[in-house]
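Opening the notebook on a new model today. I want to look up one annotated site, a loop residue and a couple of helix pairs.

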Amino acid sequence: MSLSTNINIGIIGAAGYTGGELIRILVNHPNVNIAFAHSKSQAGKPVYATHTDLLGDTELVFSGDDIQPLLDQAGLNAIFLCSGHGESKKFLDEYQLPATVKVIDLSTDFRDESNGFVYGLPELQREQIKGATKIANPGCFATSIELAVLPLAKAGLIQDDVHVSAVTGSTGAGQALSATTHFTWRNNNMSIYKAFSHQHLTEIKMTFGKLQGGFDKAVNFVPYRGDYTRGIIANVYTRFAGTLDEAKAIYKDFYASHPFTHVSDTPIDLKQIVNTNKCFVHLEVHDGQLLITSIIDNLTKGASGQAVQNMNLLFGLPEDAGLRLKAPAF
């Protein structure tokens, strides 16, 4: 595809957090035209009435028409599925997509690579993504943990159980309010949930096994709800016989060709990556244990930004097109 050619895309479930984040990125993408943004709940309203920061950036109106005509319109190249988990499978069962329309799904529905989907972690399988027609975007926790461990797996160096504690911002729970996302509960508070049973463990173990054949170690994952809005910080440790310099060499070599994942020689913090598609990784060695800290924004690299990164790869664009985003830093 020519770099001057627009990709015509549609968004299903465009009123939620991931849909809004996609629109924020794509209205400024040099090669994208948003053909429609569909929302049953906000049909007929301007996008900026829901995503209020987009006032002045777009006059797009949420579509509430029958979806099939939107999918059949001439020139549509791709759709992003941003509805809740379980909804993507229902959508694809109900509607017919033209063979030329590529699908990027942000739900959990096809992360097992069923139904012809490719798992969309570019640092793992960039070349497979380029040749795909259907992408299953990774989960946010999964992205942060996988990027922390993939270089070890590629080197065949996961020799023992992997231990993870990770904290996510409130946007990771979606836009609908619940007892544990309401401000009065979440503010100045912290809690554990789904310890050792989080749904992202399935894709995490699958991913490790792609690089280290026969991977059979436990991944002991304790997730935390943080009292902030955006970002994931994951601390991962496992037994390691090498030195810190050897670990850094393994990680820097693995990520040398990837534009968004970087190894930091100094300690890292969330404000370095919030609002960006970056992942920063920091390494320490303590008494035979390698401690890996990784940080991502759960809505960008953990969701919509990575979805755009996958779209760029699908259509032969520079991987970082539209994704050179500015972190708050302070």
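**Entry 1: the annotated cysteine.** I started with helix H6, which spans residues 140-154 and has Cys 140 in it. Note to self: this is a predicted model. I picked this residue since UniProt, in an unreviewed entry, puts the feature "active site" at Cys 140.

Is Cys 140 buried or exposed? I got 14% relative accessibility for Cys 140, so it counts as buried, the cut-off being under 20%. Next I listed what touches Cys 140, skipping residues up to four places away in sequence: His 200, Ile 232, Ile 296, Asn 298 and Gly 302. One of these, Gly 302, sits within the 300-314 range of helix H10, so I turned to H10 next.**Entry 2: H1 against H10.** Where do the axes of helix H1 and H10 come, and at what angle do they cross? H1 covers residues 17-26, and its axis comes within 10 Å of that of H10, with a crossing of roughly 50°. That angle makes H1 oblique to H10. I noted the crossing of H1 past H10 as right-handed.

Then I pulled the residues that meet. On the H1 side I have Thr 18, Glu 21, Leu 22, Ile 25 and Leu 26. On the H10 side I have Thr 300, Ala 303, Ser 304, Gly 305, Val 308 and Met 311. Sorted by class, the contact of H1 with H10 has 6 nonpolar, 4 polar and 1 charged residues.

**Entry 3: H5 against H10.** Helix H5 (residues 122-130) packs on H10 (residues 300-314) at about 35°, and I get their axes 9 Å apart. The crossing of H5 and H10 is right-handed.

Which residues make the contact of H5 and H10? From H5 I wrote down Pro 122, Glu 123, Arg 126, Ile 129 and Lys 130. From H10 I wrote down Lys 301, Gln 306, Gln 309, Asn 310, Leu 313 and Leu 314. By class, the contact of H5 with H10 splits into 4 nonpolar, 3 polar and 4 charged residues.

**Entry 4: a loop asparagine.** Last look-up of the day was Asn 77, which I found in the loop between helix H3 (67-72) and strand E3 (78-81). Asn 77 has 18% relative accessibility, so I count it as buried, again with the line drawn at under 20%.

What is Asn 77 in contact with, leaving aside neighbours within four places in sequence? My list reads Asn 6, Ile 7, Asn 8, Thr 100, Val 101, Lys 102 and Phe 315.

Methods
Residues are numbered from 1 along each chain as its sequence is written. This is a predicted model: local features need pLDDT of at least 70, side-chain atom pairs count only at pLDDT 80 or more; totals for chains, interfaces and linings use all residues. Side-chain values use heavy atoms; hydrogens and water are left out. UniProt positions are given in the numbering used here, feature names are shortened, and annotations may be inferred rather than shown by experiment. Helices (H or I, at least four residues) and strands (E, at least two) are DSSP runs, numbered from the N terminus. Buried means under 20% relative accessible area, exposed over 50%, partly exposed in between (1.4 Å probe, protein chains only). Contact means heavy atoms within 4.5 Å. Axes are lines fitted to C-alpha atoms, for helices over the stretch in contact, and angles run from 0 to 180 degrees between N-to-C directions. A crossing is left-handed if the near helix is turned anticlockwise from the far one by less than a right angle, and right-handed if clockwise. Ala, Val, Leu, Ile, Met, Phe, Trp, Tyr, Cys and Pro count as nonpolar, Asp, Glu, Lys and Arg as charged, and the others, Gly among them, as polar. Angles under 35 degrees count as roughly parallel, over 145 as roughly antiparallel, 65 to 115 as roughly perpendicular and the rest as oblique.
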